[in-house]
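Here are some short exercises to work through with the structure open in your viewer. Try each task before you read its solution.

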Amino acid sequence: MTIPTTGTQQRRTQVVRIWRQNRCLRSSTIGVYLLWVQRFKAYCRGQKIKEVSQLTLAGVDTFATWYASKRGIDHSLALEGARSALRAWALALEVLGCLTPLWEPAPEPRSPSCPLLEEFEEHLARHRGNPPVTRKKKMAHLAVFLAFLHGRRRSMAELNLADIDAFIVACRHHYARTTVADMTSSLRGFLRFLHITGRLAVDLAPSVMAPIVRRGERPLRALPWEKVQQILGAIDRSTAAGRRDYALLLLMSVYGLGAGEVLGLRLEDIDWRAGVLHVTRPKTGVAVDLPLLPAVARMLVAYLRHGRPQHASTRRLFVSLRAPHGPLGASAAVRHILHKHARTAGVSAPYLGSHVLRHTHACRELEQGVPPKTIGDILGHRRPESTSAYLRVATERLREVALALPA
């Protein structure tokens, strides 16, 4: 692995140009990064090692530890500064065509932590048709259950209803009622699987008692549309981060997209000629085509031209602004973005989760007289009952059926 023998100053200029093209670093940050690069180069010369061979997470950590010890500074601060700067430097060199080692080695294939759970997960995929996100949730629930049994020194063959009841009672002290009900559903499926595979002589699944959660007992949480407009208006669209956040929240507000749907969008999902946005439901894999509204199209053009890093390492539409500019990968990222701009706008609510904009969109459509069937199709609902939940929070529509108070 060798870096082309161009002049040091020329290479530095090329790297800075790439950083500026990505629009994610301020001039002051670029100056700090170049200072770390200069320290790293001096370290490699002093140690008589090739700098490119040390452009890995382990190599940079070794350098940061050495530098912190030599300068007598905080080790964690040195690690943070060196990692950020030299990771960005390595990625810029890759863009220039330089061969650099993997920042982190590929993870070794993990050994089966629990063959029984892996077999059950395969059963869910093959025979139940559960999507990956559902299987992941069930595996997390059952990992808690197996840890509970291990703490009671109980084997699977010794499992009885007393153990199951004790587990549910213990969960009730740590989780919300709806979460416990979800966990018992996962447990029923697991117990049924143990029975049909001959691991349990008796089917315990029908005897599992879960907390009662009545469907629709609590109205879905939504914001007034004026509050959504207030949040969007508070976003500073003069920065790359602001353009990205505005594009993300506007898509969720206008189309009622969930966090998984908006984070799963790829560049090829935008059909500019046909004026269509292709969306895939993460749970079911069902695809739906939505009209690319003019205001949304203008916003996406602004983000792609002046916000999204040019050298992102993914085809996902929304990416991190920190190197290596990978995809935003979790609903927690959306929730953080929403909370950040809601604080700026002075909007506070106890339910600013990643689904609140989806609920707000559905309620607004109902208020404007859109048929529930159309709303359900857009939101990807399989049953009318899922859409009917929004009728209970469409306050303006409810006023039309309210009875007058008797005189």
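## Exercise 1: a pocket and its lining

**Task.** Break down the lining of the second largest pocket by residue class, then find out which helix supplies the largest share.

**Solution.** Keep in mind that this is a predicted model.

- Step 1: Sorting the lining by class gives 14 nonpolar, five polar and six charged residues.
- Step 2: In total, 25 residues line this second largest pocket, and its volume is about 510 Å³.
- Step 3: Arg87, Ala88, Arg322, Ala323 and Pro324 are the lining residues that lie nearest the pocket centre.
- Step 4: Turn to the helices. Helix 1 (8-22) and helix 4 (75-95) each contribute at least two residues to the lining, and the largest share, nine residues, comes from helix 4.

## Exercise 2: two helices from the lining

**Task.** Classify the packing of helix 1 against helix 4 from the angle between their axes, and list the residues in contact.

**Solution.** Two packed helices are described by an angle and a distance between their axes.

- Step 1: The axes of helix 1 and helix 4 come within 9 Å and cross at roughly 100 degrees.
- Step 2: Angles of 65 to 115 degrees count as roughly perpendicular, so helix 1 and helix 4 are roughly perpendicular to each other.
- Step 3: Helix 1 makes the contact with Arg11, Arg12, Val15, Ile18 and Trp19, and helix 4 with Ala85, Ala88, Trp89, Ala92, Leu93 and Val95.
- Step 4: By class, this contact has nine nonpolar, no polar and two charged residues.

## Exercise 3: another helix pair

**Task.** Repeat the analysis for helix 6 (residues 132-151) and helix 8 (residues 177-196).

**Solution.**

- Step 1: Helix 6 and helix 8 pack at about 85 degrees, and their axes are 9 Å apart.
- Step 2: That angle makes helix 6 roughly perpendicular to helix 8.
- Step 3: On helix 6, the contact residues are Lys137, Lys138, His141, Leu142, Val144, Phe145 and Leu146; on helix 8, they are Asp182, Met183, Ser186, Leu187 and Phe190.
- Step 4: These residues divide into seven nonpolar, two polar and three charged.

## Exercise 4: the order of a sheet

**Task.** Work out the strand order of the open sheet of three strands, and name its edge strands.

**Solution.** Strands of a sheet pair through backbone hydrogen bonds, either parallel or antiparallel.

- Step 1: Strand 1 (residues 270-271) runs antiparallel to strand 2 (residues 276-280), and two bridges join them. Ile270 has Leu277 of strand 2 as its bridge partner.
- Step 2: Strand 1 and strand 2 form a hairpin with four residues between them, and Gly275 in the turn has a positive phi of about 65 degrees.
- Step 3: Strand 2 also pairs with strand 3 (residues 287-291), in the antiparallel sense and over five bridges. Here Thr280 has Ala287 of strand 3 as its bridge partner.
- Step 4: Put the pairs together: the order is 1-2-3, with antiparallel pairing. Strand 1 and strand 3 are the edge strands, as each pairs on one side only.

## Exercise 5: backbone details in loops

**Task.** Locate the cis peptide bond between Ala323 and Pro324, then find the loop that holds Arg23.

**Solution.**

- Step 1: Omega of the cis bond joining Ala323 and Pro324 is about 10 degrees.
- Step 2: Pro324 sits in the loop between helix 12 (294-306) and helix 13 (331-345).
- Step 3: Arg23 lies in the loop between helix 1 and helix 2 (27-47). Although Arg23 is not a glycine, its phi is positive, at about 60 degrees.

Notes:
Residues are numbered from 1 along each chain as its sequence is written. This is a predicted model: local features need pLDDT of at least 70, side-chain atom pairs count only at pLDDT 80 or more; totals for chains, interfaces and linings use all residues. Side-chain values use heavy atoms; hydrogens and water are left out. On a 1 Å grid over the protein atoms alone, a cavity is a set of points where a 1.4 Å probe fits but cannot get out, and a pocket is an open set with protein on both sides within 12 Å along at least five of seven lines; lining residues have an atom within 4 Å of a point. Grid points are joined across faces, edges and corners, and a volume is the space filled by probe spheres set on the points. Ala, Val, Leu, Ile, Met, Phe, Trp, Tyr, Cys and Pro count as nonpolar, Asp, Glu, Lys and Arg as charged, and the others, Gly among them, as polar. Axes are lines fitted to C-alpha atoms, for helices over the stretch in contact, and angles run from 0 to 180 degrees between N-to-C directions. Angles under 35 degrees count as roughly parallel, over 145 as roughly antiparallel, 65 to 115 as roughly perpendicular and the rest as oblique. Contact means heavy atoms within 4.5 Å. Two strands pair if DSSP finds at least two bridges between them.
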